[in-house]
Amino acid sequence: MAVTLRSLEVAVPDTVLVQDEVRDVFASQPGMSRLATRLVGASFDSSGIDTRHSAVAEMDLLERPETDDPPQFFNSTTGEILNPSTGVRNDVYVREATRLYIDSAAAALTACEGIDKTDVTHVITVSCTGFFSPGPDYRIVRSLDLEPSVKRYHLGFMGCYAAFPAMRQAKTICDADPSAVVLVVSVELCSIHVRVSDDPDTILGSSLFGDGAAAAIITGRDDLGETRALQLDHFETVVTPVGEEAMAWNIGDNGFEMVLGTYVPKIIDAHIVDALAPLLAHDDALTEREYREIEHWAIHPGGRSILDKVEAKLELDADQLTPSREVLRRFGNMSSATVMFVLKQILEEPGSSNGERICSMAFGPGLTVETGLFTTIGTNP
C-alpha cells in the first residue's frame, strides 16, 4: 500500500511587494546607519527575488488602500515603516491567515478527484508566524463543514522545515489506516513581523520573507483514479552538530524576531551530505547513483546563497534547482509553505514521467535538516 499526495494547492495574499521598491523604502527609513543602508542594498539586490506577497494591505506601494483608519504598519504619507505591538501583528494573523487556511484547504479538496469533504479523517495545520485558539484546524473543520469527529493537530513554531513533519505525520496515520484522508495545510504570514533595524539578521530577513499558503490531501486509498500524484516514500531528520545559534525565531514585544546568521549557507555546505545519507539509505539504488542522477530536487529556497551552496556541493545540474529558484524569485521565502510550492511546480512540470524520484529538503532552527523522498505517479503531457 502506497501513501500518496493526491492534490496540492497554493495561495498567496493579494498585496504584491516588488523587491526594488521595498528595498528603497527600507533604505530610506529614518535613523538607519550608513552601514545598515548599504546592507539593505546588498541584501535585497542579491536575494534572487523579484516579488513577494504580503497580508499587510498597507504595504501595497502601488495601489495604497483607501481608509480612514490610522496606519499601523506603514505610513504611506511619510514613507515610514511603523513598529506595531505583537498583539496588533497577531490580530492581522488571526484575520488573514484564517482566510488563507480555509481557501487553500477548500481548493485542495476541490482538486482531489474521488475525495469528498466527508472523507477527511484528519487535519494537520502548520505555522510559525501567529497563534490563536480555537485554532486554524478548528476553523477549517467548521468553515468547510467537515465531520465533527475529524482528528486535528497543529504544528506550531517549528520554522521553515515544518511541512516535512506534517507530511511525515500524515504518512504515519495513513500507514496505520489506509482509508484515512489527511488534509495538511501550512500558512505563514512572515511579513506581519517586518521591522526596521540596523541588525544584519533583521535586514537579511526583511529582504527574504513573504507570505503564502499550501494545502495537500494525503491518503493511502488506491481508488482515486489516474490523477497526477506523489508517492510519499521516506522522511528523515538530522540535527547538525553546529548551528544552534545560527537560526532562531523568538517572540518579542514588537513582533517575532528572526535570527538568521549569514554563515547558515556554510553550515549547510559542511553537513548536507551527512544529512542526506539517512534518507537515501532507504533505497540501495539511490546510494549508488550520483546526486545529479536523481531526477528532481525540491530544495527549500531559504535564500539564493543556500541554493547556490546546495547546487555546488551536490554537483547538481543548474536546471535541477530551477523550481526552487523560480519559487524564490516569485514569492520569496514563505517559511514552511515554501517547499510545498516547489513540489507543486515539479509535480506540474510538462513532460515529466511516472516513476521519477524527487529528493527534497528544508532547513530550520536547530540547525535542523528535514528531508523527504518522493516518487511521481502519472505522466504530464
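## Thr15 and the chain around it

Leaving aside residues up to four places away in sequence, Thr15 touches Arg52, His53, Ser54, Val56, Ala57, Met59 and Asp60. The structure is a predicted model, and in it Thr15 is found in strand E2, which covers residues 15-18. Is Thr15 buried or exposed? Its relative accessible area is 8%, and because the cut-off for a buried residue is under 20%, Thr15 counts as buried.

The protein chain as a whole contains 11 helices and 15 strands. Its radius of gyration is 20 Å, close to the 21 Å that the globule rule gives for 381 residues, so the chain is as compact as a globular protein of that length. Among the contacts in the protein chain with a separation of 6 or more, 77% are accounted for by residues 24 or more positions apart.

The following values describe the extent, burial and surface of the chain.

| Property of the protein chain | Value |
|---|---|
| Span of the C-alpha trace along the principal axes | about 60 × 50 × 40 Å |
| Share of the 381 residues that count as buried | 56% |
| Exposed area | about 15,400 Å² |
| Share of the exposed area supplied by carbon and sulfur atoms | 48% |

Turning to charge, the protein chain carries 30 positive and 57 negative side chains, and the centres of these two sets lie 2 Å apart. Thr15, with which this report began, is thus one buried residue in a chain where 56% of the residues count as buried.

Technical notes: Residues are numbered from 1 along each chain as its sequence is written. This is a predicted model: local features need pLDDT of at least 70, side-chain atom pairs count only at pLDDT 80 or more; totals for chains, interfaces and linings use all residues. Side-chain values use heavy atoms; hydrogens and water are left out. Helices (H or I, at least four residues) and strands (E, at least two) are DSSP runs, numbered from the N terminus. The radius of gyration is taken over C-alpha atoms; the globule rule is 2.2 Å times the number of residues to the power 0.38. Buried means under 20% relative accessible area, exposed over 50%, partly exposed in between (1.4 Å probe, protein chains only). Contact means heavy atoms within 4.5 Å. Accessible areas come from the Shrake-Rupley method with a 1.4 Å probe; for residues, only the protein chains shown count as cover. Lys and Arg count as positive and Asp and Glu as negative; His and the chain ends are not counted. The place of a charge is taken as NZ of Lys, CZ of Arg, CG of Asp or CD of Glu.
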